[in-house]
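Hi everyone, thanks for making time this morning. I'd like to walk you through one structure, so let me put it on the screen.

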Amino acid sequence: MTTRENLSGTSLADAVLVSEAAPATPIPDSLWRGQRNQFFYESANKTSRVMIGLGCFMQVATLAILYAAGMDTWRIATLAGLYCGFAVSHKLVIRPMRDPSTVETGFIRMNVSAQLFVVGSASISGGIHSPFLPSLVLPAIVSLLFFGPYPVARWTAVGNFFLIVAMVFLPASIVGPSIGTTYYTLLVLMGLGWHLFMLHLMVGKLTTMSTRASDSMACLREERVTEAIAQLRRLQSVGAK
């Protein structure tokens, strides 16, 4: 009689353990996104200061080279205005971010402003012959790194593509003439170096965030196992009575 009760109690414990523990397994995607948003929220202000500061230096150097290349003054002034507008919009997007849940919306707004900035810059500095040409797809790449292969990243890339197409069809009177080969090559090399730096920074942050997410998942699983074992022992104890 006692043996039958013990077996009955053990069977009940296993059934309850499986039914309650299995659904409680954390979803990796949800945890990954939560850790990503938290990490970017914590580092948003510092990263913004670094990027805008270094970007300002790069922009001044770029405008100086374009001036030496003989570009029209009004085009150089417009390029400077575009960067100032981008920097202001960047700050306006960062400031309202009060918690990690607003990170994704803020990132989309920053990405759109970056697309308008790079496409606008290329549109008045030579179009498809502009030294800003390598910059045109950078916002789409950064969006894909941030969101992963999800619809929001695809729609961002589509928007980026249509802006580029619109630039291609602008008349020559707007895009202006191309600059000399030496100046063009120098600016392209500077731009590629800047893009590599930005991508390195982005991938570094995502790697740190992924490590955090992995640690959180390991801790959560350990807690779940501990809780499940404790519950199993309680149920076995009840079944043995």
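Before I count anything: helices here are DSSP runs of H or I with at least four residues, strands are runs of E with at least two, and both are numbered from the N terminus. With that in mind, the protein chain has eight helices and zero strands. Reading from the N terminus, then, you simply get α-α-α-α-α-α-α-α. Please keep in mind that this is a predicted model.

A couple of overall figures to set the scene. The protein chain has 241 residues, and 37% of them count as buried. If you take contacts between residues at least 6 apart in sequence, 84% of those join residues at least 24 apart.

Let's go inside. How many cavities of 30 Å³ or more does a search of the whole structure find? The search returns one. As for volume, the largest cavity comes to about 1,000 Å³. Its lining takes in 40 residues, and the closest to the centre are Met 51, Phe 86, Ala 114, Trp 194 and Met 198. The elements giving two or more residues to that lining are α2, α3, α4, α5 and α8. If you'd like to find them on the screen, α5 spans 138–147 and α8 spans 181–240. Which element gives the most to this lining? That is α2, with eleven residues. Sorted by class, the lining of the largest cavity holds 27 nonpolar, twelve polar and one charged residues.

Now for a pocket, the second largest one. Its volume is about 160 Å³. Around it you'll find Tyr 41, Ala 44, Asn 45, Ser 48, Arg 49, Lys 91, Ile 94, Arg 95 and Met 97. Two helices, α2 (28–68) and α3 (73–94), each supply at least two of these lining residues. Here too α2 gives the most, with five residues. By class, the lining of this pocket splits into four nonpolar, two polar and three charged residues.

On to the packing. The largest nonpolar core has 22 residues, and the ones with the most contacts inside it are Leu 66, Met 71, Leu 79, Val 119 and Leu 136. Helices α2, α3, α4 and α6 each give two or more residues to this core. There is also a second, separate core of 17 residues, and Phe 39, Met 97, Phe 147 and Met 209 are included in it. You may recall Met 97 from the lining of the second largest pocket.

Let me zoom in on Met 71 for a moment. Not counting residues up to four places away in sequence, Met 71 touches Leu 66, Ile 76, Leu 79, Ser 125 and Ile 179.

One of those core residues, Val 119, brings us to Leu 163, which is found in helix α6. Setting aside neighbours within four places in sequence, Leu 163 is in contact with Gln 115, Leu 116 and Val 119. Its C-alpha atom is separated by 9.0 Å from that of Gly 120, 43 residues apart along the chain. Is Leu 163 buried, exposed or partly exposed? With a relative accessible area of 27%, Leu 163 is partly exposed, because buried means under 20% and exposed over 50%.

Next, helix α5. This helix is mostly covered, with seven of its ten residues buried. Those buried residues are Leu 138, Pro 139, Ala 140, Val 142, Ser 143, Phe 146 and Phe 147. Just after α5 comes Gly 148, with a positive phi of about 85°.

Two of those residues, Phe 146 and Phe 147, touch Glu 104, and so do Arg 33, Arg 36 and Asn 37, leaving out residues up to four places away in sequence. Glu 104 lies in helix α4. At a relative accessible area of 18%, Glu 104 counts as buried.

Let me finish with charge pairs. How many salt bridges does the count come to? The count comes to one. In that bridge the side chains of Arg 75 and Asp 72 meet, at 3.6 Å from N to O. Its two partners sit in unlike surroundings: Arg 75 is buried, at 4% relative accessibility, whereas Asp 72 is partly exposed, at 37%.

That's my tour, and I'm happy to go back to any part of it. Thanks for listening!

Key:
Residues are numbered from 1 along each chain as its sequence is written. This is a predicted model: local features need pLDDT of at least 70, side-chain atom pairs count only at pLDDT 80 or more; totals for chains, interfaces and linings use all residues. Side-chain values use heavy atoms; hydrogens and water are left out. A salt bridge is a side-chain nitrogen of Lys or Arg within 4 Å of a carboxyl oxygen of Asp or Glu. Buried means under 20% relative accessible area, exposed over 50%, partly exposed in between (1.4 Å probe, protein chains only). On a 1 Å grid over the protein atoms alone, a cavity is a set of points where a 1.4 Å probe fits but cannot get out, and a pocket is an open set with protein on both sides within 12 Å along at least five of seven lines; lining residues have an atom within 4 Å of a point. Grid points are joined across faces, edges and corners, and a volume is the space filled by probe spheres set on the points. Ala, Val, Leu, Ile, Met, Phe, Trp, Tyr, Cys and Pro count as nonpolar, Asp, Glu, Lys and Arg as charged, and the others, Gly among them, as polar. A nonpolar core is a set of buried Ala, Val, Leu, Ile, Met, Phe, Trp, Tyr and Cys residues joined through side-chain atoms within 4.5 Å. Contact means heavy atoms within 4.5 Å.
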